[in-house]
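Grab a pencil and work through a few short exercises on the model below. Each one comes with a worked solution, so try it yourself before reading on.

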Amino acid sequence: MKATYQASDSSVHPIQMGCYGLGVSRLLAALVQVNADDRGIVWPRGMSPISAMIMVASAPNKPRYWEMRRAAEQLYDHMAQFAPSVGDVIMDDRDATTSVGERFAHADLIGYEWVVVVGKAWAASAKPGDGSQATSSANDAEEHDFEVQNRSKTVKRVVRGYAELLKVIGWKN
């Protein structure tokens, strides 16, 4: 094999049988150190523990929150069909004590590859319901807009429906 290492005095020596401390935890630490910025981890594609995070950008006391929540749950169910073959998805369904800003900050810190927001864009594209549950079903989700963000690629855009969303994030529908 003729593998060698360079010592601190620049001399080259053959690697001898033994452990040099290159375990999984050390490799992950190095990956995070190289790929982090002042806001959090920016995982390389395929390395992120969770590929996509869905969040509702509203609070339970706001108009249409429960409709948005139901739409987010339907989106989660749809995306979960594709996991884990293309990536895992998680829904940030924390209670109202965690603000939308805190959720975005936590998403940056953890380093989710994609953040899908059910918020203003969805509300503008969906028909108002009674506020208790979504008036839409998964069948007409192609008529609703979702905001998609990827900090490492500086992507922030609004997409229409599940098919376009999955295309933008690189998942196949």
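**Exercise 1.** Work out whether α2 and α5 are parallel, antiparallel, perpendicular or oblique to each other in this predicted model.

*Solution.* Two packed helices are described by the angle between their axes and the distance between the axes. Step one: find the pair, which is helix α2 at residues 65–80 and helix α5 at residues 161–168. Step two: take the angle, about 55 degrees, and note that the axes lie 12 Å apart. Step three: roughly parallel needs an angle under 35 degrees, and roughly perpendicular runs from 65 to 115. The value of about 55 degrees fits neither range, and α2 and α5 are therefore oblique to each other. As for handedness, α2 passes α5 in a right-handed crossing.

**Exercise 2.** List the residues through which α2 and α5 meet, then sort them by class.

*Solution.* Start on the α2 side: Gln74, Leu75, His78 and Met79. Their partners in α5 are Tyr162, Leu165 and Leu166. Now sort: five of the contact residues are nonpolar, two are polar, and none is charged.

**Exercise 3.** Describe the largest pocket by its space, its lining and the elements that build it.

*Solution.* First the space: about 270 Å³ lies in the largest pocket. Next the lining, which has 18 residues, with Arg39, Asp108, Gln149, Asn150 and Arg151 closest to the pocket centre. Then the elements: α3 (100–110), β8 (145–150) and β9 (155–160) each give two or more residues to the lining. The largest share, three residues, comes from α3. Finally, the classes: eight lining residues are nonpolar, five polar and five charged.

**Exercise 4.** Which loops hold serine 10 and arginine 64, and what is the sign of phi at each?

*Solution.* Begin with the background: most residues other than glycine have a negative phi. Serine 10 goes the other way, with a positive phi of about 70 degrees, and sits in the loop between β1 (4–6) and β2 (12–14). Arginine 64 also has a positive phi, near 70 degrees. Look for arginine 64 in the loop between β5 (52–56) and α2.

Key
Residues are numbered from 1 along each chain as its sequence is written. This is a predicted model: local features need pLDDT of at least 70, side-chain atom pairs count only at pLDDT 80 or more; totals for chains, interfaces and linings use all residues. Side-chain values use heavy atoms; hydrogens and water are left out. On a 1 Å grid over the protein atoms alone, a cavity is a set of points where a 1.4 Å probe fits but cannot get out, and a pocket is an open set with protein on both sides within 12 Å along at least five of seven lines; lining residues have an atom within 4 Å of a point. Grid points are joined across faces, edges and corners, and a volume is the space filled by probe spheres set on the points. Helices (H or I, at least four residues) and strands (E, at least two) are DSSP runs, numbered from the N terminus. Ala, Val, Leu, Ile, Met, Phe, Trp, Tyr, Cys and Pro count as nonpolar, Asp, Glu, Lys and Arg as charged, and the others, Gly among them, as polar. Axes are lines fitted to C-alpha atoms, for helices over the stretch in contact, and angles run from 0 to 180 degrees between N-to-C directions. Angles under 35 degrees count as roughly parallel, over 145 as roughly antiparallel, 65 to 115 as roughly perpendicular and the rest as oblique. A crossing is left-handed if the near helix is turned anticlockwise from the far one by less than a right angle, and right-handed if clockwise. Contact means heavy atoms within 4.5 Å.
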